[in-house]
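Let's take a friendly walk through a protein structure together. Keep the sequence and the 3D view side by side as you read.

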Amino acid sequence: MSVTDAEGQPSTDLMLMNLIDLYVDGFSLQNIILDVSVFHQESTSFEYQRACQLLDIDNSNDEFFSDAQTVILIQASAGAEIACIASGRIDI
């Protein structure tokens, strides 16, 4: 996925690797990222709860992160909402 700035100039490429599960909804010609949230442990935040809902994760499972997994939620102001689980620790 290539990410561009507000003027349309390429800024960076975002490559999600070692994915275990992926959820994408609403993909369109223009996908505008509002926020990216990365979780290495459980959280009570809305973003973590939303990612768990989209990925059908039982967020009451205390052992979920014991396998060194990362949960990522990419929220859109327009276009695709993306949630994924990756093996290992991923920092964006």
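Begin with Asp56, which counts as exposed because its relative accessibility is 73%, and exposed means over 50%. Please keep in mind along the way that this is a predicted model. To find Asp56, look in the loop between H1 and strand S5 (69-78). The backbone deserves a glance here too: phi of Asp56 is near 60°, a positive value in a residue other than glycine.

Now move to Asn18, where phi is also near 60°, again positive in a residue that is not glycine. Asn18 lies in the loop between strand S2 (10-13) and S3. With a relative accessible area of 54%, Asn18 is exposed.

Step along to Leu19, which belongs to strand S3 (residues 19-25). Is Leu19 buried, exposed or partly exposed? Its relative accessibility is 35%, so Leu19 counts as partly exposed. On the surface, Leu19 joins Leu22, Val24 and Phe27 in a nonpolar patch, and together these residues have about 390 Å² of accessible area.

Let's turn to charged side chains next. How many salt bridges does a search of the whole structure find? The search finds one, and in it the side chains of Glu81 and Arg50 meet, at 2.9 Å from N to O. This pair links distant parts of the chain, 31 residues apart: Glu81 sits in strand S6 (residues 81-87), while Arg50 sits in helix H1 (residues 46-55). Glu81 counts as buried because its relative accessibility is 18%, and the cut-off for buried is under 20%. Arg50, at 22% relative accessibility, counts as partly exposed.

Finally, let's go inside. The largest nonpolar core has eleven residues: Phe39, Tyr48, Ala51, Cys52, Leu54, Leu55, Ile57, Val71, Leu73, Ala83 and Ile85. H1, S5 and S6 each supply at least two residues of this core, and the largest share, five residues, comes from H1. There is also a second, separate core of eight residues, including Ala80, Ile82, Ala86 and Ile90.

Try selecting Leu73, a member of the largest core, in your viewer. Which residues does Leu73 touch, not counting those up to four places away in sequence? They are Asp35, Val36, Ser37, Glu47, Arg50, Ala51, Leu54, Glu81, Ile82 and Ala83. You have already met two of these contacts, Arg50 and Glu81, as the partners in the salt bridge.

Technical notes: Residues are numbered from 1 along each chain as its sequence is written. This is a predicted model: local features need pLDDT of at least 70, side-chain atom pairs count only at pLDDT 80 or more; totals for chains, interfaces and linings use all residues. Side-chain values use heavy atoms; hydrogens and water are left out. Patches are made of residues with over 30% relative accessible area and no salt bridge: like charges are joined within 9 Å, nonpolar side chains (Val, Leu, Ile, Met, Phe, Trp, Tyr) within 5 Å. Accessible areas come from the Shrake-Rupley method with a 1.4 Å probe; for residues, only the protein chains shown count as cover. A salt bridge is a side-chain nitrogen of Lys or Arg within 4 Å of a carboxyl oxygen of Asp or Glu. Helices (H or I, at least four residues) and strands (E, at least two) are DSSP runs, numbered from the N terminus. Buried means under 20% relative accessible area, exposed over 50%, partly exposed in between (1.4 Å probe, protein chains only). A nonpolar core is a set of buried Ala, Val, Leu, Ile, Met, Phe, Trp, Tyr and Cys residues joined through side-chain atoms within 4.5 Å. Contact means heavy atoms within 4.5 Å.
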